[in-house]
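Reader: I should be grateful for a close look at the part of this model that surrounds the ligand. Please then place that part within the chain as a whole.

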Amino acid sequence: MKVTVLGVGYVGAVTGACLAFLGHRVTCVDVDEARIKKLRAGHSPIYEPGLEELIAMAQERGEIGFDTDVAAAVRDSDVIFIAVGTPSLPTGETNLAYLESAARTVGAAMEPGRFYVVVNKSTVPVGCGNLVEALVRDGVMQARPEAAADFDFAVASNPEFLREGSAIHDSLYPGRIVLGSGSSRAISTLKKLYRPLTEQRFAAPSFAPRPAGMAEVPIISTTLASAEMIKYSANAFLSLKIGFANEMANICERVGADVVEVMSGIGLDARIGSGFLNAGIGWGGSCFGKDVNSLLHTAAEYGYEARILAASLAVNRLQRGIVIQKLQEKLFILKGRTIALLGLAFKPDTDDLRDAPSIQIAERLLHMGARVRVFDPIAMEACRAQYPRLQLCYCEDALSVATGADAVVLVTEWPEFADLDLMQVALKMRRPILIDGRNLFDAEKAVEAGFEYTGVGRPSRTTPSKPYHTPVTAPRPPMRTPAEPQLAAKAGGR
Ligand SMILES: NC(=O)c1ccc[n+]([C@@H]2O[C@H](COP(=O)([O-])OP(=O)(O)OC[C@H]3O[C@@H](n4cnc5c(N)ncnc54)[C@H](O)[C@@H]3O)[C@@H](O)[C@H]2O)c1
């Protein structure tokens, strides 16, 4: 089928590459000329493992093109995906400006006498399917009012559930595909489009092997409003699950329990599930915050106060602050101290810094007079470009970031950090304090390496636990003077 994808960001680039890989003819269109130029040269504008390889394979298997000209691409398409950004406005509402502009352009580019399916892949508040339909019609009316009656199109919602960092895997082997529309023709067109995926009729690329036992992918077909709500409910629930683990962590710290043990203890219950129960310094990224805020706003528009959603945002906000609190507990004064941040990206395997805890932590530390050294395997270039005013000292690896530091904070759990030689890191520091914001390290090993270790929701460790030796010959009990038993009894001892 012929497909246009509008917006070539994290979602659009992956969607376009996957559909072309499955054999469709795809044109990816973006208003950002630099982005299109880079893609045409075979380079991905974002860091996403496997994306460049998939684009290269897609070029061989199907046909994938990159363009800034919407009209030429849309005119000839069967399916048009809108995958533009839907960021938050300062009020928490969704900024629909990009979506609205894209929908109008699509309408203006369509031709009479052909059936188009316009698909919202962007995450949009309930009702935006109807809004897009009206705006596409506006575009038609502006461009070809005389032939308006001959235009035939339907709008569908097909929310995206990929995770940055494993986006190719998630798109080729999704848990489900959600299709929402009032038009059965639109639904059957999209089912046909996704058939190679739902039936898994493709040879898996070497960099994204098919998971063992992968069967047919279920399609959930719903109304437009339900599909839109499914996406928001999914993100609200996932963010809530992390928030719950964080709240339990805060209680664990106070009562002397270890949240890692507690969460693995509850995660094995099939009703709860073990995913998204890692306590830490809070979730970030481009989706959770904006989507929960947007849903909260939608609920309020309908006169409903969504208390659980509000609490989920509040818990996450508080959690971001615990790094500073833990540093203050250890160092008292932060002014003039040097703090090293391991990781900047909001999660591993991406260069995405949107709503990343690292930025907020760095800003607070700088504001408090600390010096901040940072290292991230991938996101440093993005950080320099997006936050030029942050006075960060960018370092070339984990050892150099720790040099002369009063404390190291693990912010992003890049797998390579787990393999660090902690003793070498500790030796470079002025004071070996490790705040493990993601509970990545084994506390015992960190302490053995010489660190004062503090995780999230687990007891702080400064000394290795003493190995328990069973003496080969039991030592003789010490001789007691007659007064001793009375003293022991007075002190409450045994
Ligand atoms: N990033 C994720 O992990 C993820 C996951 C699921 C859903 N989503 C949703 O998908 C949507 C896109 O997210 P993203 O992270 O890919 O955004 P992004 O910011 O990475 O990309 C958006 C792209 O759209 C382009 N654009 C803006 N207006 C345009 C127009 N009129 N025509 C053509 N291109 C236009 C921008 O230049 C940009 O390249 C959002 O609604 C987001 O909530 C994102």
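Author: An oxygen atom of the ligand lies 3.0 Å from an N or O atom in the side chain of Arg35. A second side chain, that of Asp30, has an N or O atom 2.6 Å from an oxygen atom of the ligand. The backbone takes part as well: a polar backbone atom of Thr123 is 2.9 Å from an oxygen atom of the ligand. On its own the ligand has 830 Å² of accessible area, and the protein covers 90% of that area. Accessible areas come from the Shrake-Rupley method with a 1.4 Å probe, and for residues only the protein chains shown count as cover. Helix H1 (10-21) and helix H5 (97-109) are the elements that give two or more residues to the shell around the ligand. H5 contributes the most, namely three residues. Helices (H or I, at least four residues) and strands (E, at least two) are DSSP runs, numbered from the N terminus.

This is a predicted model, in which local features need pLDDT of at least 70, side-chain atom pairs count only at pLDDT 80 or more, and totals for chains, interfaces and linings use all residues. Residues are numbered from 1 along each chain as its sequence is written, and side-chain values use heavy atoms, with hydrogens and water left out.

In total, 27 residues surround the ligand, and the closest are Val11, Asp30, Thr86, Glu164 and Lys290; a residue is near a molecule if one of its heavy atoms lies within 4 Å of it. By character, the shell divides into eleven nonpolar, eight polar and eight charged residues. Here Ala, Val, Leu, Ile, Met, Phe, Trp, Tyr, Cys and Pro count as nonpolar, Asp, Glu, Lys and Arg as charged, and the others, Gly among them, as polar.

Glu164, one of the closest residues to the ligand, is found in the loop between strand S6 (152-157) and H7. Glu164 counts as buried because its relative accessibility is 10%; buried means under 20% relative accessible area, exposed over 50%, and partly exposed in between (1.4 Å probe, protein chains only). The side chain of Glu164 makes a polar contact of 3.2 Å with the side chain of Thr350. Such a contact is a pair of N or O atoms within 3.5 Å; within protein, one must be able to donate a hydrogen and the other to accept it, and residues adjacent in sequence count only if both atoms are side-chain atoms. Leaving aside neighbours within four places in sequence, Glu164 is in contact (heavy atoms within 4.5 Å) with Tyr10, Glu48, Ser286, Phe346, Lys347, Thr350, Asp352 and Arg354.

The loop that holds Glu164 leads to H7, and helix H7 (residues 167-172) contains Ser171. With a relative accessible area of 12%, Ser171 is buried. Its side chain reaches the backbone oxygen of Ala167 at 2.8 Å. Not counting residues up to four places away in sequence, Ser171 touches Val14, Cys18, Glu160, Leu162 and Leu197.

Two loop residues elsewhere deserve a word on backbone geometry. Most residues other than glycine have a negative phi. Phe332, although not a glycine, has a positive phi of about 60 degrees; this residue lies in the loop between helix H13 (322-331) and strand S9 (338-342) and is exposed, at 65% relative accessible area. Asn439, also not a glycine, has a positive phi of about 50 degrees. The place of Asn439 is in the loop between strand S13 (433-436) and helix H19 (443-448), and Asn439 is buried, at 14%.

As for the whole, the protein chain has 20 helices and 14 strands, and its C-alpha trace spans about 110 × 45 × 45 Å along the principal axes. Of its 494 residues, 50% count as buried. Among contacts between residues at least 6 apart in sequence, 73% join residues at least 24 apart. The mean pLDDT (the predictor's confidence in each residue, from 0 to 100) is 93, and 94% of the residues reach 70 or more. Over residues 467-494, however, the pLDDT is below 50, and beyond near neighbours in sequence this stretch has two contacts in the model. Where pLDDT is low, the predicted coordinates should not be read in detail.
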